[in-house]
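Please read the following paragraphs with the sequence and the coordinates open side by side. They go from the overall dimensions to the sheet, and then to particular strands and backbone conformations.

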Amino acid sequence: MDIINKDTVMTEGISGTIFRNWANTFSCEPELYFQPSCVEDIKLILEQAKKNGKKVRVCGKGHSPSDIACTNEYLVNLDKFTNVLKVDEDNCQIKVEAGITIKTLNEEVLPKYNMALSTQGSVSDITVAGSISTGTHGTGKHIGIISTYITEIELVTADRKLVKCSRKENKEIFLAASCSLGCLGIITSVTLQCEPHFKLQQRQMSCSFKEMVTHLDEHISNSEYFRFVWYPHTEGVVYWEVDKTNRQKTSSSNWFWDYAIGFHLLQFLYWISTFCKWLVPVINYVYFKLHSGLRVDIDDYYNIFGFECLFAQYVTDWAIPREKTSEALEDLKSWLDAHPEVRAHFPVEVRFAKQDDLYLSPCYGRDSCYINIVMFRPYGKYVEKDGYWTAYENIMLKYNGRPHWAKEHKLTFKELQNMFPKFERFCEIRKNFDPDGRFVNDYIQKVFIPKSKND
Ligand SMILES: Cc1cc2nc3c(=O)[nH]c(=O)nc-3n(C[C@H](O)[C@H](O)[C@H](O)COP(=O)(O)OP(=O)(O)OC[C@H]3O[C@@H](n4cnc5c(N)ncnc54)[C@H](O)[C@@H]3O)c2cc1C
C-alpha cells in the first residue's frame, strides 16, 4: 500500500493516496484516505461520508488478492487501532483493537500472557479484522477458520452506532459479522479465544499423488494440522504432519530454502518458462525433488504455521466438502493431463477446516477441504491462467464448492445465493444495517446485490 502520512489523515482525510494490494493485481485511488485513531473519529468520518454521499470501504493490510477492499471514494485504514483492550488470562481470551496484526499478536502481545492463537493462515502481516472479514483459514481436521475463534466483535455501523455482538448478545449479528467482508460496518475491536502457548513439531515428507488420494482419510487423521501440496504435471506430493510438542526447538536447515535461493531461482525459471512452456513440468518436478526429503522442525507455533510467499501470484482457493477432496484432485489432474497446452505452476495446496455456523463461512455446515491454486507472476509478468482457472472453477462447482472471499472469483449474487445456506439471511441483515449502501463497492455490489429482479 502506498500511503502518504500526514496528520490530517485521521478524520479530515487526505487525497493523492494509492492503495495497492499485496500482489499488485488491484489498486484504487480513493478520493480521501483516513486513518482514524478512535471510535469517535470513525463516527465523524461516517458522518462526513453521509453528508457528501460517499461510499466507504475499510482496508487492513491489503493482502486480499481481489478488489474486495477497493474504492475510489472514502478508504479507511485502522493502522492506529492496535491496542490491547482487555486480557482474561483465566479464560485465555484477549480483546484487541481491530487493526492489530497477527504478527504483532504472535510475537509481541501473546507471549506476555503465555497465550497462542489456535490457527492462522500462511502470512501474519495481516490484521485481525481483515483476516476474519474474509474467512482466512489455516489447516486441520478439527480446526475452524480464524473467525470461529472470535468470541466478541464491536463494530460501527453506517448510522454511526457502536454495536457489540457475541454468542450471548446479538447472536445473529455475531454469526453474520464474524465473516462479513467489511459490509456490515467498521469493526473496531475483536475478542479472541486463545490457548496456552505451544510449540509445534512439523514433519515434512513426500509420497505419490496416488498414495495421497487413496489414503487421504488416514493422512488427515495422522496429525492435528495436516496439509499437503501437489506439484502439477508430476506424481509428486509433499505433506506436513504437524502436532503440539514439549520437545526442544530444532531445525533441519535446508540451505536451498532457508536462504531464499530456491524462491529467487524459481522466479527466474518460471520467467524463462514464459518463452518455453514445456519447462514448467520440468521445474515442478525438480522442485518436488528438492523439497521431498524428510525434514523435522520444532518451533513456536507461529513459525511453523507461517510460510512467507516471496513473489507475486494469482491465486484462487475454494472450499469443497472434505469427502470430495480426492475426486476433485483426480479431476484436476486428469484435466491437466488432457490439456498439455495448459501449464500449471506449483503448488496446488490442500488444507482442511472444521465445519461451523457462521453465515458466510465457506465451511458453514460441513467439514471442508480448501484447494488453493496459483500462477506466479515472475518479475510482475502476466502468465496466462484463464484456461487453468476455468477448469478449476468448473471442478469446484461440480463438487458444490464455495469461494474464499478474499480471492478473485467470478461469482455473482445469482450463483452465490444457492451456495451458502444463510446467504439470503445475510443479505437481509446487510440491508438493515446499511440501507443506503454506504459500504458497497464493486465487489460487494457483485456478490450481494442482484442485477435484476429475476436473479
Ligand atoms: C501471500 C498471501 C498468503 C495468504 N495466505 C492465506 C492463507 O494461508 N489462508 C487464507 O485463508 N488466506 C490467505 N491469504 C488471504 C488473506 O488472509 C486475506 O486476504 C486477509 O483478508 C488479508 O487481511 P488484510 O488485513 O490484508 O485485509 P484486507 O485485504 O485489507 O481486507 C480484507 C477485507 O477485510 C475488510 N476489513 C479489513 N479491516 C476491516 C475492519 N476493521 N472492519 C471491517 N472490515 C474490515 C476489508 O473491507 C476487506 O473486505 C493470503 C494472502 C496473501 C497475499
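Two residues are said to be in contact when heavy atoms of theirs lie within 4.5 Å. On that basis, among contacts in this protein between residues at least 6 apart in sequence, 72% join residues at least 24 apart. The model is a predicted one, and the protein in it has 15 helices and 21 strands. Its radius of gyration is 22 Å, close to the 23 Å that the globule rule gives for 455 residues, so the protein is as compact as a globular protein of that length. Taken along the principal axes, the box that the C-alpha atoms fill is roughly 60 × 50 × 40 Å.

How much of the protein is buried? Buried residues make up 58% of the 455 residues, while the accessible surface comes to about 19000 Å², with 49% of that area belonging to carbon and sulfur atoms. As for charge, the protein carries 54 positive and 58 negative charges, and the mean positions of the two sets are 2 Å apart.

The strands can be taken up next. Strands of a sheet pair through backbone hydrogen bonds, in either a parallel or an antiparallel manner. Here, 9 strands form an open sheet with antiparallel pairing, and their order is β16-β17-β13-β15-β14-β19-β20-β18-β21. The edges of this sheet are β16 (250–251) and β21 (402–403), each of which pairs on one side only. Within the sheet, strand β18 (residues 313–321) and strand β20 (residues 368–376) run antiparallel to each other and pair over 9 bridges, and one point at which to pick up this pairing is Pro321, whose bridge partner in β20 is Ser368.

Another set of pairings centres on strand β7 (residues 93–97). Of the 5 residues of β7, 4 are buried, so this strand is largely enclosed by the rest of the structure. Strand β6 (residues 84–88) pairs with β7 in the antiparallel sense over 4 bridges, and in this pairing Asp88 stands opposite Gln93 of β7. The two strands β6 and β7 form a hairpin with 4 residues between them, and in the turn Cys92 has a positive phi of about 60 degrees. Strand β7 also pairs with strand β11 (residues 186–193), again in the antiparallel sense, over 5 bridges. Here Gln93 stands opposite Gln193 in β11, so that Gln93 can be followed from one pairing to the other, with Asp88 opposite it in the pairing with β6.

The backbone itself deserves a closer look at several positions. Most residues other than glycine have a negative phi, and most peptide bonds are trans. Asn24, in the loop between β1 (19–20) and β2 (27–28), has instead a positive phi of about 60 degrees although it is not a glycine. Asn24 is partly exposed, with a relative accessible area of 48%. A positive phi, near 70 degrees, is also found at His233, which lies in the loop between β14 (227–230) and β15 (236–245).

Where does the peptide bond that is cis lie, in the case of Pro347? It is the bond from Phe346 to Pro347, with omega near 0 degrees, and Pro347 has its place in the loop between α11 (325–338) and β19 (348–353). Strand β19, for its part, stands between β14 and β20 in the order of the open sheet.

Terms used:
Residues are numbered from 1 along each chain as its sequence is written. This is a predicted model: local features need pLDDT of at least 70, side-chain atom pairs count only at pLDDT 80 or more; totals for chains, interfaces and linings use all residues. Side-chain values use heavy atoms; hydrogens and water are left out. The radius of gyration is taken over C-alpha atoms; the globule rule is 2.2 Å times the number of residues to the power 0.38. Buried means under 20% relative accessible area, exposed over 50%, partly exposed in between (1.4 Å probe, protein chains only). Accessible areas come from the Shrake-Rupley method with a 1.4 Å probe; for residues, only the protein chains shown count as cover. Lys and Arg count as positive and Asp and Glu as negative; His and the chain ends are not counted. The place of a charge is taken as NZ of Lys, CZ of Arg, CG of Asp or CD of Glu. Two strands pair if DSSP finds at least two bridges between them.
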